[in-house]
Amino acid sequence: MNTKPFSRRRFAGALALAAGFIGLRGRGLVAQAVDPAHLSAAGHVTGSEYDALVKICFNENPYGPPASVREAITAALKYSNRYGYPDGDLLEAIAASHGVKSENVLIGSGSTEILEIAANAFLEGRKKVIGAEPTFSAVYEWATGLKCSAIRLPLEADFRQPIGAIIKAAKENRDQIGFVYICNPNNPTGVVVSKDDIRALLDGLPDGMPVLIDEAYHHFVDNPDYATSIPYVQEGRPVLVTRTFSKIAALAGIRIGYGVAPANIIQRMRPYYDIMSVNVAAKWGAAAALKDTSAQQKVKSDILQTRRNTVAELTRRGFAVIPSEANFFMVNIRRDVRPVIHDFRQRGILVGRPFPPMLEHLRVSVGSDEDMSRFLEAFKEIVV
Ligand code: PMP
């Protein structure tokens with residue numbers, strides 16, 4: 001069944017905007033530059049040119065999947081010719097890992113697909129999405145694509161999301177709001193919404209208003225003020241939590257993520273769901289990744305160590321870095337990031353796109369130690 005009113009082709013543009021992609025052309029995703037200057041600077045690269053680039057622009061996992069996951073994917077390839085095949089009991093495994101039932105989980109081709117389905121389901125009837133700016137803007141782009149719109153509220157001065165303002169605007173516009181979007185931790189800042197603020201939000205919003213809490217970077221958080229919002233699903237609140245295997249489990253190119261919500265919310269989303277969208281390699285890879293918790297712990301500790309080292313070096317050089325709880329951070333370079341992004345690209349380094357209105361903050365994903373050495377070397381030449 002494909003009842004999606006919003007085409008995937010159009011989404012490639014939304015993703016490119018959200019991710020700020022800079023002119024790579026792969027076999028699948030053809031992402032476009034936000035700024036044509038990026039495109040001409042990067043050109044189109046393939047194969048070894050791509051491999052040589054330092055890719056710290058998309059908050060990807062620099063290490064790749066662990067052996068357990070690679071083996072599971074390789075073994076699953078024997079089912080490549082099938083529509084019906086054993087799927088590693090992924091749905092049940094995800095549900096069990098969160099203490100919910102299978103009816104509370106929807107698996108998608110990346111969490112992107114779940115965001116897309118949520119936008120289609122919750123914005124029906126020209127509703128609006130409400131959230132912070134800047135954030136992971138794909139949902140706002142979806143809204144535009146659906147001829148709906150977004151109410152985007154500026155971050156607080158300390159870069160926290162404006163929970164009070166969101167509640168106020170949601171109440172004032174209650175009939176028009178389809179859902180609230182909260183990215184926790186937020187992309188691009190890496191700042192978390194505390195568990196107290198999440199509670200205040202859910203308690204303060206009009207009854208029944210759906211809240212999408214995007215926990216793509218959940219696994220990197222080390223802050224006792226933060227907590228996952230999945231317990232609210234168990235309470236039956238109108239909350240949809242999205243998670244991805246792209247980051248901690250390094251499966252961005254394999255494409256798998258999921259949403260967890262009360263059964264009535266999942267039911268609302270089902271008409272927009274494509275049961276064929278997740279492939280066999282993704283299912284088996286994700287099932288293996290769920291089991292390999294020690295591999296995930298190692299990714300977390302290595303990324304956090306590399307982030308600490310990089311941030312310490314930038315701070316030592318006098319640049320303020322927004323304290324991040326994710327596998328990326330923003331550094332204030334005290335000048336427009338746009339030409340600087342171009343200069344990094346000239347040196348084979350892809351850094352994050354501009355995130356208006358934070359045009360003097362450069363978003364940098366945490367890559368391998370070698371990636372970060374090359375970044376810091378270039379930073380000294382370009383910015384210092
Ligand atoms: N949410 C956030 C906050 C993201 O940053 C991303 C990707 N960068 C996604 C969702 C989508 O991830 P995926 O589709 O790979 O699961």
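The following paragraphs describe the fold, the central sheet and the ligand surroundings of a predicted model.

Across the protein chain of this predicted model the pLDDT averages 90, and 89% of the residues score at least 70. The stretch formed by residues 1-42 has a pLDDT below 50, although in the model this stretch has 72 contacts beyond near neighbours in sequence. Where pLDDT is low, the predicted coordinates should not be read in detail.

The secondary structure of the protein chain amounts to 15 helices and eleven strands, and 48% of its 384 residues count as buried. Among the contacts in the protein chain with a separation of 6 or more, 73% are accounted for by residues 24 or more positions apart.

Seven strands are arranged in an open sheet of mixed pairing, in which their order is 2-8-7-6-5-3-4. The edges of the sheet are taken by strand 2 (105-108) and strand 4 (149-154), each of which has a single partner strand, so that one side of each is left without a neighbour in the sheet. From one strand to the next, the twist averages 20 degrees. Within this arrangement, strand 5 (residues 177-183) and strand 6 (residues 211-214) run parallel and are joined by four bridges; Y181 has L212, in strand 6, as its bridge partner. Helix 7 (residues 138-145) packs on the sheet, where it touches strand 3 (128-133), strand 4 and strand 5, and the direction of the helix makes about 150 degrees with that of strand 4.

Another helix, helix 8 (residues 163-172), contains K171. With 13 other C-beta atoms within 10 Å, K171 is classed as partly exposed, because a residue counts as exposed at 12 or fewer such atoms and as buried at 20 or more. In sequence K171 is separated from L205 by 34 residues, whereas in space the two are 6.7 Å apart, C-alpha to C-alpha.

Turning to the ligand, 14 residues surround it, and the closest are G110, S111, T112, T244 and S246. By residue class, the shell around the ligand divides into five nonpolar residues, eight polar residues and one charged residue.

Methods
Residues are numbered from 1 along each chain as its sequence is written. This is a predicted model: local features need pLDDT of at least 70, side-chain atom pairs count only at pLDDT 80 or more; totals for chains, interfaces and linings use all residues. A residue is near a molecule or strand if its C-beta atom, placed from the backbone, lies within 6 Å of it. Ala, Val, Leu, Ile, Met, Phe, Trp, Tyr, Cys and Pro count as nonpolar, Asp, Glu, Lys and Arg as charged, and the others, Gly among them, as polar. pLDDT is the predictor's confidence in each residue, from 0 to 100. Two residues are in contact if their C-beta atoms, placed from the backbone, lie within 7 Å. Two strands pair if DSSP finds at least two bridges between them. Helices (H or I, at least four residues) and strands (E, at least two) are DSSP runs, numbered from the N terminus. Axes are lines fitted to C-alpha atoms, for helices over the stretch in contact, and angles run from 0 to 180 degrees between N-to-C directions.
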